[in-house]
Amino acid sequence: MTDLFEGEDEAKLAEDFPLARRMTPRDLSEFVGQERLLGDGKILRRAIESDRIRSLILYGPPGSGKTALARIVARRTKSAFETLNAVTSGVKELRELIAAAKQRKRVSGKRTIVFIDEIHRFNRTQQDALLPDVESGSIILIGATTQNPFFSVVAPLLSRSQIFELEPLSEDEIETVLRRAVQDKERGFPDNEVELTDDALKHLARYSNGDARVALNGLEIAVLTTAPNEDGTVVVTREVAEESIQKKAVVYDGTGDDHYDTISAFIKSMRGSDPDSALYWLAKMLEAGEDPRFIARRIAIAAAEDVGNADPRALVVANAAWQVCEFIGMPEAQIPLAQATVYVATAPKSNASYVALGKARKDVHEEGTVPVPRHLKEAGYPGSKRLGRGEGYLYPHDHEGAVVEQFYGVEDGRYYSPTNRGYETEIARRLEEIRKKIRENPPRQD
């Protein structure tokens, strides 16, 4: 067991460790947040309280409590508790730890819990090395990761572990953590009387972006850099808090969950005709440095898939925004992106074309292939007439309204059903006129 998880000397903690470390919850009663997992009667709480931990992976953003939970388990369990950091440890350290766990179990029957921080940084070989001993029960694994484990942890290890997803702390929960730090004279600021104004509290909570560690670090900087007043009290005001956390951190992994989840929320907001939410997700992506061309491509897809023929101009606007992004780049590219986002979000919606294509592809895939009718076959090459290619084809432009009763391979109305929204209403009206002529006049070809 390493010093990180042993029963630390509280005085040493107060003296040597930063505030975020000193305020680590000592038990579940001090843990803030994650009620969905740790509320009364919830499975993870029951497992910790009864010391019945089985291999599990804690997945969540920084500062959500993954390592804090591991420390609580370390304090409570009767098992040996060992730790590894995937950044600094290799297969050699892992095998030595497992060998010691096996020896411990043979000699004393005592279990060993192995906590691996940032387990997603272990490569496949390192993760595979854990499998036999996790499966046999030689060790109980607790892995912590900020990456989606279904993308970063090997499937056999996932199948042998319970997955618990932790959420960012709410602003109210961050405020609770900050108040405790100010009020706790033993672990907080034993050498100072600290007063945290309401405005400062709210600023620190808001700009920490759900990360308790960031909030506590900001508070500590504020206290340590502010001179006491005449009464000996360190007053942390809004101005001091703003200097301590000057820029809100945008939690965004450009290749992981944040990338896919945010673009998903962006698309669904446009589809749901909510321009304000769509603009928020656009702003988040731009602020985090997302490639504007990627965003432009998604707007173009939404224009075709979700707006479709209810407003054909949406695709024109989206395509123009895409081209402008290629021409001018950032930061000016954000302007046409915003315009296209609002246009697509507020346009009438129809996915009729997309749905129709899906039906047609299903038929192509599952049904017998429909042969091309003889009169529609290519007739522009020598010898085509001898084969009867194109025979009987009626050129629409030679007929009134450029419409003629003619069979094109599939019965009318099989796939495309226009909606009554936007321009598609006009499409529906025209289609009905065309189909009426076809119904009243049987096809002339075999």
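What follows is a set of questions and answers on the cores, strands, pockets and loops of a predicted model.

Trainee: What are the ground rules for this model?
Mentor: Residues are numbered from 1 along each chain as its sequence is written, and side-chain values use heavy atoms, with hydrogens and water left out. The model is predicted: local features need pLDDT of at least 70, side-chain atom pairs count only at pLDDT 80 or more, and totals for chains, interfaces and linings use all residues.

Trainee: Which element gives the most to the largest nonpolar core?
Mentor: A nonpolar core is a set of buried Ala, Val, Leu, Ile, Met, Phe, Trp, Tyr and Cys residues joined through side-chain atoms within 4.5 Å. Buried means under 20% relative accessible area, exposed over 50%, partly exposed in between (1.4 Å probe, protein chains only). Elements are DSSP runs numbered from the N terminus: helices (H or I, at least four residues) and strands (E, at least two). Of the 28 core residues, L178, L196, L216, L219 and V236 touch the most other members; elements giving two or more residues include α10 (171-183) and β7 (233-236), and the top giver, with six residues, is α12.

Trainee: Which residues does L178 contact beyond its sequence neighbours?
Mentor: Contact means heavy atoms within 4.5 Å. Neighbours within four places in sequence are left aside. The partners of L178 are then L196, L201, L204, A205, A215, L216 and L219.

Trainee: How many residues are in the other core?
Mentor: This core lies apart from the largest one. Among its members are M270, F294, I299 and A340. Its count is 27 residues.

Trainee: In β7, what is the bridge partner of E195?
Mentor: Strand β6 has a covered face, V194 and L196, and an uncovered one, E193 and E195. Two strands pair if DSSP finds at least two bridges between them. β6 and β7 pair in the parallel sense over four bridges. For E195, the partner in β7 is V235.

Trainee: Which elements do the buried residues of α11 pack against?
Mentor: The buried residues of α11 are A200, L201, H203, L204 and A205. They pack against α10, β6, α12, β7 and α13.

Trainee: What is the volume of the second largest pocket?
Mentor: On a 1 Å grid over the protein atoms alone, a pocket is an open set of points where a 1.4 Å probe fits, with protein on both sides within 12 Å along at least five of seven lines; lining residues have an atom within 4 Å of a point. Grid points are joined across faces, edges and corners, and volume is the space filled by probe spheres set on the points. A20, T24, G65, A68 and R213 lie nearest the centre. The volume is about 730 Å³.

Trainee: How many of its lining residues are charged?
Mentor: The lining has 31 residues, and α5 gives the most, with four. Asp, Glu, Lys and Arg count as charged; Ala, Val, Leu, Ile, Met, Phe, Trp, Tyr, Cys and Pro as nonpolar; the others, Gly among them, as polar. The lining divides into 13 nonpolar, eight polar and, for charged, 10.

Trainee: Is D51 buried or exposed?
Mentor: D51 sits in the loop between α4 (43-49) and β1 (56-59). Its phi is positive, near 55 degrees. Its relative accessible area is 15%, so D51 is buried.

Trainee: What is the relative accessible area of E118?
Mentor: E118 lies in the loop between β3 (112-117) and α7 (124-136). Its phi is positive, about 55 degrees, although it is not a glycine. E118 is partly exposed, at 24%.
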